[in-house]
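Me: Please give me a close look at one loop in this structure and then at the parts around it. I would like each technical term explained when it appears.

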Amino acid sequence: MKFEKDIILNLTQKIFDELKQCNKKAAPIEACGLIFGDVEKVSITFNEYKIHYIAKQFYCLKSNIESIGSFNLIKDSDKYFEIHQEAVNEKNLRLISIFHSHPVPAYPSAADVQNMEFLDKDVGGVRNPFKNQIWSIMDMNTEDINGFIYFNNELMQVDIQILEK
Ligand SMILES: [Zn+2]
């Protein structure tokens, strides 16, 4: 898999702690949640730039599935609507990452990749709000976290940086 170092998910230490908390609470079931924030394109040179996904708010969701490997949070649409209302409409943030945890190494499963492909598509000419977000996956045991994006029909790993403050 390609590692795209110019796409970066910036987590604060506070949000990283919240992700770890969310993981601990759900284990041994997969945790899941949504990270909202901003996306900024930062120029490095004339034709080079980095894309920063800047995390500002995390919502830990109760995983509504018991089986390891499946992942179903989007189907809990009432809960999603409530969160969207607050994060997007009131706080003016956008969804930047779907977070979940894995009992096995923090890489996308075959089902995750299918979901990524599915969520990358626009439906009926309406921009899909789940498009181009980063999938952040935490190893349930080590708390290592990796980020992935499905972009232009390609699955890539992205950089995750944890900032103090
Ligand atoms: Zn998964």
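Reply: Asn92 is exposed, with 10 other C-beta atoms within 10 Å. The cut-offs behind that word are as follows: a residue is buried if 20 or more other C-beta atoms lie within 10 Å of its own, exposed if 12 or fewer, and partly exposed in between, the C-beta atoms being placed from the backbone. This is a predicted model, in which local features need pLDDT of at least 70 and side-chain atom pairs count only at pLDDT 80 or more, while totals for chains, interfaces and linings use all residues. Residues are numbered from 1 along each chain as its sequence is written.

Asn92 lies in the loop between helix H2 (77-90) and strand E4 (94-102). Helices (H or I, at least four residues) and strands (E, at least two) are runs assigned by DSSP and numbered from the N terminus. Although Asn92 is not a glycine, its phi is positive, at about 65°. Asn132 offers a parallel case: it is not a glycine either, and its phi is positive at about 55°. The place of Asn132 is the loop between helix H3 (110-119) and strand E5. Unlike the exposed Asn92, Asn132 counts as buried, with 20 C-beta neighbours inside 10 Å.

On the helix side of the loop that holds Asn92, one may consider Ala87, which belongs to H2. Ala87 is buried, having 21 other C-beta atoms within 10 Å. Not counting residues up to four places away in sequence, Ala87 touches Phe36, Gln57 and Leu93; two residues are in contact if their C-beta atoms, placed from the backbone, lie within 7 Å. Between the C-alpha atoms of Ala87 and Lys56 the separation is 9.6 Å, although these two residues are 31 residues apart along the chain.

On the other side of the loop, E4 has eight of its nine residues buried, so it is largely enclosed by the rest of the structure. E4 runs antiparallel to E2, to which six bridges join it; two strands count as paired if DSSP finds at least two bridges between them. Within this pairing, Leu34 stands opposite Ile98 in E4. With E5, E4 pairs in the parallel sense, again over six bridges. There His102 stands opposite Asp139 in E5.

These pairings belong to a closed barrel of seven strands, in the order E1-E3-E2-E4-E5-E6-E7, with mixed pairing. The twist averages 35° from one strand to the next, where axes are lines fitted to C-alpha atoms (for helices over the stretch in contact) and angles run from 0 to 180 degrees between N-to-C directions. Elsewhere in the barrel, E1 (residues 2-12) and E3 (residues 48-61) pair in the parallel sense over four bridges. One of the facing positions there is Ile8, opposite His52 in E3.

E4 also contributes to the largest nonpolar core, as do E1, helix H1 (13-26), E2 (32-45), E3, E5 (134-139) and E6 (145-151), each giving two or more residues. A nonpolar core is a set of buried Ala, Val, Leu, Ile, Met, Phe, Trp, Tyr and Cys residues joined through C-beta atoms within 7 Å. This one has 28 residues, and those with the most contacts inside it are Ile35, Ile96 and Ile134. Leaving aside neighbours within four places in sequence, the contacts of Ile96 include Ile35, Phe36, Val39, Tyr53, Ala55 and Ile134. In soluble globular proteins, nonpolar side chains tend to be buried together.

Finally, H1 has a buried side. The buried residues of H1 are Glu18, Leu19, Cys22 and Asn23. They cover an arc of only 140° around the axis, which puts them on the same side of H1; the arc is that of the directions from the helix axis to the C-beta atoms. An α-helix has 3.6 residues a turn, so residues three or four places apart point the same way. The buried residues of H1 pack against E2, E3, E4, E5 and E6, whereas Gln13, Lys24 and Lys25, on the other side of H1, are exposed. In the loop that follows, between H1 and E2, is Pro28. The peptide bond from Ala27 to Pro28 is cis, with omega near 10°.
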